Amino acid sequence: MMSIRQRREIRATEVSEDFPAQEENVKLENKLPSGCTSRRLWKILSLTIGGTIALCIGLLTSVYLATLHENDLWFSNIKEVEREISFRTECGLYYSYYKQMLQAPTLVQGFHGLIYDNKTESMKTINLLQRMNIYQEVFLSILYRVLPIQKYLEPVYFYIYTLFGLQAIYVTALYITSWLLSGTWLSGLLAAFWYVTNSMLLFFPKCNHFISSSEKFLLPHLIGWELTLLAIFISTFLFSLTWQFNQFMMLMQALVLFTLDSLDMLPAVKATWLYGIQITSLLLVCILQFFNSMILGSLLISFNLSVFIARKLQKNLKTGSFLNRLGKLLLHLFMVLCLTLFLNNIIKKILNLKSDEHIFKFLKAKFGLGATRDFDANLYLCEEAFGLLPFNTFGRLSDTLLFYAYVFVLSITVTVAFVVAFHNLSDSTSQQSVGKMEKGTVNLKPETAYNLIHTILFGFLALSTMRMKYLWTSHMCVFASFGLCSPEIWELLLKSVHLYNPKRVSYFFHTTFFCLFFSSRMMDELSELREFYDPDTVELMNWINSNTPRKAVFAGSMQLLAGVKLCTGRTLTNHPHYEDSSLRERTRAVYQIYAKRAPEEVHALLRSFGTDYVILEDSICYERRHHRGCRLRDLLDIANGHMMDGPGENDPDLKPADHPRFCEEIKRNLPPYVAHFTRVFQNKTFHVYKLSRNK
């Protein structure tokens with residue numbers, strides 16, 4: 001029988017039958033004395049240098065991003081309202097809760113305001129800690145109040161410096177991951193360099209989960225399996241607590257574990273532990289979020305439970321001939337898939353869950369499984385961020401040679417993975433380790449196999465949805481640098497052309513590293529000086545603060561209202577956090593201000609949410625950014641069964657509207673509109689109307 005186990009750590013000076021030289025600086029090491037003391041000293045020196053570089057890289061990345069932020073906005077020289085406006089859409093909404101906690105007289109009152117919030121959604125009291133993942137904002141506000149830094153550091157700087165600090169941790173994790181995968185810190189240095197030189201494609205401060213996803217199989221080399229499980233649990237729990245879409249990323253991890261387990265590339269016991277950690281983390285987050293039912297209805301929990309059930313029902317999965325095992329594997333896959341869908345459907349029906357239905361409608365329409373007129377699904381489909389990855393992305397990645405290196409390493413590792421998977425499925429009689437096979441056999445370490453499947457899944461995700469490119473490109477930096485600086489990759493390549501020699505391995509990966517490091521273009525962003533400039537929005541926020549009651553309720557676009565809450569503290573009708581079915585219905589109703597509706601109908605809809613003021617934006621009413629059929633007014637027309645404006649075809653069942661477009665007609669000050677709406681503010685971009693209180 002074949003035994004699957006982790007490969008033991010290979011030290012820099014150990015020479016085995018298969019891998020005579022596994023660490024960097026092989027040529028230099030051969031000159032050292034052969035004593036045990038010198039070997040230990042060399043290892044300590046290498047770890048010290050590598051660790052020091054990791055800390056420096058993280059610090060420099062943080063400083064670099066802070067400098068870019070300052071150069072781009074001139075953040076230190078603009079007014080407070082301009083700084084707050086620079087937090088766009090959801091970022092502004094999250095920051096408003098950090099600001100709210102700081103403005104509360106006491107922490108207890110601050111928590112009470114979050115748990116019983118009646119300003120985020122008018123005429124409703126919601127628990128923000130249940131609805132949103134804002135524990136990080138709460139933690140930062142507590143930290144700022146406790147630390148003696150109020151006299152030296154403004155709250156906004158403490159917040160953004162924390163984000164840049166998280167990026168320092170992130171790039172350090174990339175560095176260490178690449179180092180552990182390849183065995184040389186030169187690989188980590190190249191990964192960090194690629195990350196920085198492609199930072200505009202990679203930066204995404206809300207999600208820093210790379211440690212939990214890429215070091216699952218690397219930590220045992222350093223701290224042992226028990227402490228590894230604890231570290232994975234803590235990182236997975238924190239990741240789940242701080243991002244609302246954690247379940248979808250963790251589902252990808254679960255799919256990777258399922259694939260490795262099925263192909264004998266990972267022991268089933270370890271996969272079981274990791275499945276359990278994911279479920280436990282989500283359940284703890286569910287408790288901390290006051291039993292958020294969306295977590296219980298996640299596909300991740302259904303999938304992991306289905307894997308456990310399928311294992312019990314289908315035994316002896318890893319025995320038999322190749323065709324026998326392949327048949328069992330396909331049956332196992334089908335069983336897990338069916339159980340997942342069944343369990344997920346049952347859970348959602350029991351809990352009456354509709355929070356994430358818009359995501360599945362979007363996916364169904366995106367992959368051509370049926371046309372839809374659903375407003376929410378089309379809203380996502382028409383956004384560039386949710387479209388296909390632009391082809392010019394590959395050109396930008398190729399400018400630093402990252403994409404070429406990635407394709408080179410990926411092609412080699414995919415070939416090796418197919419060979420290893422075929423060998424494992426064909427040979428069920430001898431227990432061999434994935435990382436340690438018999439001499440002359442092509443092999444693949446579990447950590448390499450894990451990251452290979454992960455990068456492929458991230459690649460498909462990024463190609464289909466541009467917003468997800470930050471996951472793939474970050475992983476691309478690690479995977480490409482690992483492969484180019486890994487002696488095993490070069491050994492395999494040289495053996496295939498009968499040129500293998502330990503000295504040639506060292507020469508090739510050192511030469512490749514220095515060529516790529518010094519030939520990559522250096523960025524010139526630091527020399528570009530820009531300034532924040534949005535006078536119309538600044539004027540609007542100042543007017544709201546000076547001319548409207550503190551308890552006034554505002555309606556408008558989701559993106560703008562997030563800024564209204566942050567800059568003015570006024571009550572909103574809707575906001576950008578879209579993971580709630582009642583909020584989506586409310587947003588759809590508010591957006592009728594851009595549809596072809598009668599003034600009395602729009603007035604009745606807005607007043608049903610307690611609206612006092614409505615903000616109309618010319619950039620939405622006369623939108624030209626999207627093509628016909630994807631403009632917000634077009635989506636509303638289609639959802640309402642009305643024909644779209646402008647030349648072009650319409651579906652045969654769409655009919656002409658009985659009323660003109662509200663956002664255009666209201667500016668003519670006709671009697672039916674004046675009776676319900678009074679214009680109280682206007683500039684080049686915004687028009688604010690006060691609603692009458694008559695029925």
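# Exercises on a predicted model

Tyr157 is buried, with a relative accessible area of 12%; buried means under 20% relative accessible area, exposed over 50%, and partly exposed in between, with a 1.4 Å probe and protein chains only. This is a predicted model, in which local features need pLDDT of at least 70 and side-chain atom pairs count only at pLDDT 80 or more, while totals for chains, interfaces and linings use all residues. Residues are numbered from 1 along each chain as its sequence is written, and side-chain values use heavy atoms, with hydrogens and water left out.

## Exercise 1: the chain as a whole

Task: state how many helices and strands the protein chain has, and what share of its residues is buried.

Solution.
- Step 1. The protein chain has 34 helices and 5 strands. Both are DSSP runs numbered from the N terminus: helices are H or I with at least four residues, strands E with at least two.
- Step 2. Buried residues make up 55% of the 695 residues.
- Step 3. Among contacts with a separation of 6 or more, 71% are between residues 24 or more positions apart. Contact means heavy atoms within 4.5 Å.

## Exercise 2: aromatic pairs

Task: classify the ring pairs Phe75 and Tyr157 and Tyr275 and Phe308, and locate each ring in the chain.

Solution.
- Step 1. Rings of Phe, Tyr and Trp (its six-membered ring) pair if their centres lie within 6.5 Å; planes under 30 degrees apart are stacked, over 60 edge-to-face, and the rest tilted. By this rule the count comes to 31 aromatic pairs.
- Step 2. The ring centres of Phe75 and Tyr157 are 5.7 Å apart and the planes stand at 90°, so this pair is edge-to-face.
- Step 3. Phe75 lies in the loop between helix H2 (36-73) and helix H3 (80-85), and Tyr157 in helix H8 (residues 155-182), so the pair ties together parts 82 residues apart in sequence. Phe75 is buried, at a relative accessible area of 1%.
- Step 4. Tyr275 and Phe308 are also edge-to-face, with 5.9 Å centre to centre and 80° between the planes. Tyr275 belongs to helix H15 (residues 268-288) and Phe308 to helix H17 (residues 299-313), so parts 33 residues apart in sequence are tied together.
- Step 5. Tyr275 is buried, at 0% relative accessible area, whereas Phe308 is partly exposed, at 24%.
- Step 6. Ring pairs also link Phe391, Phe394, Phe403, Tyr406, Trp472, Phe479 and Phe482 into a cluster.

## Exercise 3: the sheet

Task: give the strand order of the sheet and say which strands stand at its edges.

Solution.
- Step 1. Two strands pair if DSSP finds at least two bridges between them.
- Step 2. The 5 strands form an open sheet in the order E2-E1-E3-E5-E4, with mixed pairing. Strand E2 (571-572) and E4 are at the edges, each with a single partner strand, so one side of each is left without a neighbour in the sheet.
- Step 3. Strand E1 (residues 553-555) and E2 run parallel, joined by 2 bridges; Val553 has Thr571 of E2 as its bridge partner.
- Step 4. Helix H27 (residues 535-547) packs on the sheet, touching E1, strand E3 (613-617), E4 and E5, and its direction makes about 25° with that of E5. Helix H30 (residues 599-607) packs on the sheet too, touching E1, E3, E4 and E5, at about 75° to the direction of E4. Axes are lines fitted to C-alpha atoms, for helices over the stretch in contact, and angles run from 0 to 180 degrees between N-to-C directions.
- Step 5. Strands E4 (residues 677-682) and E5 (residues 686-691) run antiparallel, joined by 5 bridges, and a hairpin connects them through 3 residues.
- Step 6. E3 and E5 pair in the antiparallel sense over 5 bridges. His687 of E5 is the bridge partner of Leu616 and of Gln682.
- Step 7. In E5, 5 of the 6 residues are buried, so this strand is largely enclosed by the rest of the structure.

## Exercise 4: the nonpolar cores

Task: name the residues that touch the most other members of the largest nonpolar core, and list what Val564 touches.

Solution.
- Step 1. A nonpolar core is a set of buried Ala, Val, Leu, Ile, Met, Phe, Trp, Tyr and Cys residues joined through side-chain atoms within 4.5 Å.
- Step 2. The largest core has 140 residues, of which Met249, Val564 and Ile615 touch the most other members. Domain 1 (220-353) and domain 2 (535-691) each supply at least three residues to this core; domain bounds come from an automatic or database domain assignment.
- Step 3. Not counting residues up to four places away in sequence, Val564 touches Met541, Ile544, Phe554, Gly569, Arg570, Leu572 and Ile615.
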